[in-house]
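Biologist: Please take a close look at a single part of this model, the open sheet. Start there and follow its links to the rest of the chain.

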Amino acid sequence: QARLVESGGDSVQAGGSLRLSCDDSGSTYSRYSWAWFRQAPGKEREGVAAITTTHGRTYYADSVQGRFTVSQNNAKNTLYLQMHSLAPEDTAMYYCAAAANYEGARAMLVSSTYDYWGQGTQVTVSL
């Protein structure tokens with residue numbers, strides 16, 4: 001079982017930065033990869049960034065490429081999302097998710113790939 005706990009969400013002004021964290025230390029499963037998703041009011045959940053546990057291979061949505069960086073500390077079972085140049089369209093609830101299996105590179109930012117989810121942390125960006 002997994003217990004993913006996100007933190008770091010906040011309200012910031014456009015152009016600002018935030019770092020989100022996801023703690024997976026309470027989990028008892030073998031994780032292949034994990035990822036950040038976000039969901040804004042009235043919109044579908046979208047994959048933002050993902051990283052494989054063993055090799056640290058990363059995947060990004062086009063909308064955040066160059067602004068967001070996903071990383072992990074495997075010793076601490078922690079996932080991070082460093083976000084720069086935040087814009088109002090980045091406003092959303094951000095969720096951490098973990099996958100036990102590999103479903104293909106094209107599935108790394110697809111929500112159905114992931115087996116476990118956190119409760120989310122809110123990011124609000126204002127002008």
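Modeller: Here is the sheet, followed by the core, the disulfide and the salt bridges.

This is a predicted model, in which local features need pLDDT of at least 70 and side-chain atom pairs count only at pLDDT 80 or more, while totals for chains, interfaces and linings use all residues. Residues are numbered from 1 along each chain as its sequence is written, and side-chain values use heavy atoms, with hydrogens and water left out.

First, the sheet. It is open and has 4 strands, in the order 1-3-8-7. The pairing is antiparallel. Strands here are DSSP runs of E, at least two residues long, numbered from the N terminus. Two of them pair if DSSP finds at least two bridges between them. Strand 1 (5-7) and strand 7 (68-73) are the edges, and each pairs on one side only. From one strand to the next, the twist averages 15°. Its axes are lines fitted to C-alpha atoms, and angles run from 0 to 180 degrees between N-to-C directions.

Strand 7 and strand 8 (residues 78-83) run antiparallel, joined by 6 bridges. One partnership there sets Phe68 against Met83 of strand 8.

Met83 leads on to the core. A nonpolar core is a set of buried Ala, Val, Leu, Ile, Met, Phe, Trp, Tyr and Cys residues joined through side-chain atoms within 4.5 Å. Buried means under 20% relative accessible area, exposed over 50%, and partly exposed in between (1.4 Å probe, protein chains only). The largest nonpolar core has 27 residues. Trp36, Leu81, Met83 and Tyr94 have the most contacts inside it. At least two residues each come from several strands, including strand 3 (18-23), strand 7, strand 8 and strand 11 (121-126). Strand 9 gives the most, with 4 residues. Apart from this core lies another, of 8 residues, among them Ala35, Phe37, Ala50 and Tyr59.

Met83 also has contacts (heavy atoms within 4.5 Å) to follow. Not counting residues up to four places away in sequence, Met83 touches Gly16, Ser17, Leu18, Leu20, Arg67, Phe68, Tyr94 and Val123.

Next, the disulfide, a pair of cysteine sulfur atoms within 2.5 Å. The count is 1. Cys22 is joined to Cys96, S to S 2.1 Å. The link of Cys22 and Cys96 is left-handed, with -75° about the S-S bond. Cys22 is in strand 3 and Cys96 in strand 9, so the pair ties together parts 74 residues apart in sequence. Cys22 counts as buried because its relative accessibility is 0%. Cys96 is buried too, at 0%.

Last, the salt bridges. The rule asks for a side-chain nitrogen of Lys or Arg within 4 Å of a carboxyl oxygen of Asp or Glu. The count comes to 4 salt bridges. Asp90 takes part in two of the pairings described here. With Arg38, the N to O distance is 2.9 Å. Arg38 lies in strand 4 (residues 33-39) and Asp90 in the loop between strand 8 and strand 9 (92-99), so this pair ties together parts 52 residues apart in sequence. With Arg67, the closest N and O atoms of Asp90 are 2.8 Å apart. Arg67 sits in the loop between strand 6 (58-60) and strand 7, 23 residues from Asp90. Both Arg38 and Asp90 are buried, and Arg67 is buried as well. Arg38, Glu46, Arg67 and Asp90 are linked in a network of salt bridges.
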